[in-house]
Amino acid sequence: ADDTADDKNTTATTTTVKAADPPPQPATGKSYEGAQLWRVQIADGDVANLQRVEDDGVAQIWYSNATVWDLMVSAENQPHVRKLLADNKLAYTVVIPDMQRAILDENPSLSDDELELTSRKGHRMTWQHYHRVTDMHGWLDYLANTYPSICETLVIGSSVEGRPLKVLHIKGKPGSPAMWVDGGIHAREWITSASVSYMLNELVENHDSHRAWLSAVDLYVLPLANPDGYEYSHAGDRMWRKNRRRGGGCDGIDLNRNFGYKWGGKGAGPQPCQEIYRGSAPFSEPETSAIQSFVLARKASLKSYLSFHSYGQYVLYPWGYDRFVPPDHEDLQRVGTKLANAMRATSGLSYTVGSSAALLYPASGGSDDWAKGQAGLKYAFTIELRDTGRHGFVVPSSHILSSGKEVLAAVRTLAQEVAAL
Ligand code: ARG
Ligand code: ZN
């Protein structure tokens, strides 16, 4: 599908709504017929064995902590993995019995009414569906062009395949402390980009209701940090995680292992075929190095760094590279708890707060560690959005609104902290 070409090199001044894209479709590429999500109970976190299962290509790790592994297993590999688990006396339950069905149900196409409505609004974005990159970028430009006194788009770089990395800047009073927010570093975590987008829409379209706190911060938001991967997760493989750098044997670099603080340490792989491949060098990828340059150029005013991922419902703070905490960890725990409470107050979902290597597993080269350890932004968090395993990455689009309200609550709460409101 030629959904990419007309999006390249879009500038901040584009106003025209292009001819309608095909409506959002379930991933058309790779089939997940017969694939299942299994939840394995483990006694003590055997991360090495787990990583081998994925590196051998017999299952894909969706999630892991000290007691649970979520593995996606293709139909053909199920006998092998079943035996492997039995040999190791590991019990499992089937969480998603029919992955292809789950993917089809995740993102229903727009109805005729919705299509009609979007054609009159000047953009094609909704919060009932997961949208393609052109819809999302077109809508960011629409916001900037419609509300130039409130916000602007900034193209901070471009992806491996040449898509713009589009930041929406919601302007505060001159001299305000600044905050960074991103979503979609991992391609398949669709709920993150959709929820971050919902927040932006609410803040710009209903700016008056948020003016008190918005005027006190400069908010820089990148909803699609990995646009190539995101597009590929729609058109090629729903479960794509990395960016789309072409390699000899395997494609893609895990952008959340490519940031340059303690790069190449635990929980990041040297092999291009790994899902957690760190890349050839710190910031080897245009997506991570664009964030690096942007943040460093504003490091005097930036006070917080917030990356949205999924899933598991966690508010995580550094360090991710190993089981240590920074000297000001009590501040991070205190503010993280405020974020979790604010999110729970909007949706009822509970979020666990803690340092990421201790709570989940060590993983080096993450954006949060770099933001704190190298760029010196005090409040660096990774928030893992819903859910806790029922849908995994395949969160039905009917959740976007509720998840988006959580994101808004978290960002507002962090802004109050950063601006001492
Ligand atoms: N699920 C995220 C990942 O694996 C967690 C990142 C937490 N931060 C970190 N620096 N390890 O990328
Ligand atoms: Zn992620």
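Here are some notes on three parts of this structure, which is a predicted model.

1. Let's start with the four-stranded sheet. Reading across it, the strands come in the order β2-β3-β1-β4, the sheet is open, and the pairing is antiparallel. The edges are taken by β2 (60-64) and β4 (92-96), each of which pairs on one side only. If you ignore direction, neighbouring strands here are turned by 30 degrees against each other on average.

2. Now look at one pairing inside that sheet. Strand β1 covers residues 36-41 and strand β3 covers residues 68-73; the two run antiparallel and are joined by six bridges. To find your place in the β1–β3 pair, look for Val40, which stands opposite Trp69 in β3.

3. There's a helix to go with this sheet. Helix α2, made of residues 78-87, lies across β1, β3 and β4. Compared with β3, helix α2 runs at about 155 degrees.

4. Next, jump along the chain to strand β12, residues 379-385. How many of its residues are buried? Seven of the seven are, so the strand is largely enclosed by the rest of the structure. Both of its faces are covered: one side has Tyr379, Phe381, Ile383 and Leu385, the other has Ala380, Thr382 and Glu384, and all of these are buried. Note that the charged residue Glu384 is on that buried list too.

5. What does β12 pair with? One partner is strand β9 (residues 302-310), in the parallel sense, over seven bridges; here Ser307 stands opposite Thr382 in β12. Strand β10 (residues 314-317) also pairs with β12, but in the antiparallel sense and over three bridges. In that pairing, Tyr314 stands opposite Glu384.

6. Last, a pair of helices. Two packed helices are described by the angle between their axes and the distance between the axes. For helix α10 (residues 329-347) and helix α13 (residues 400-418), the angle is about 145 degrees and the axes are 8 Å apart. The crossing of α10 past α13 is right-handed.

7. Which residues make that helix contact? From α10 come Val335, Lys338, Leu339, Ala342, Met343, Ala345, Thr346 and Ser347. Helix α13 supplies Ser402, Lys405, Glu406, Ala409, Ala410, Thr413, Leu414 and Glu417. By type, the residues of the α10–α13 contact divide into eight nonpolar, four polar and four charged.

Key: Residues are numbered from 1 along each chain as its sequence is written. Chains are lettered from A and ligands numbered from 1 in the order in which they are written. This is a predicted model: local features need pLDDT of at least 70, side-chain atom pairs count only at pLDDT 80 or more; totals for chains, interfaces and linings use all residues. Axes are lines fitted to C-alpha atoms, for helices over the stretch in contact, and angles run from 0 to 180 degrees between N-to-C directions. A crossing is left-handed if the near helix is turned anticlockwise from the far one by less than a right angle, and right-handed if clockwise. Two residues are in contact if their C-beta atoms, placed from the backbone, lie within 7 Å. Two strands pair if DSSP finds at least two bridges between them. A residue is buried if 20 or more other C-beta atoms lie within 10 Å of its own, exposed if 12 or fewer, and partly exposed in between; C-beta atoms are placed from the backbone.
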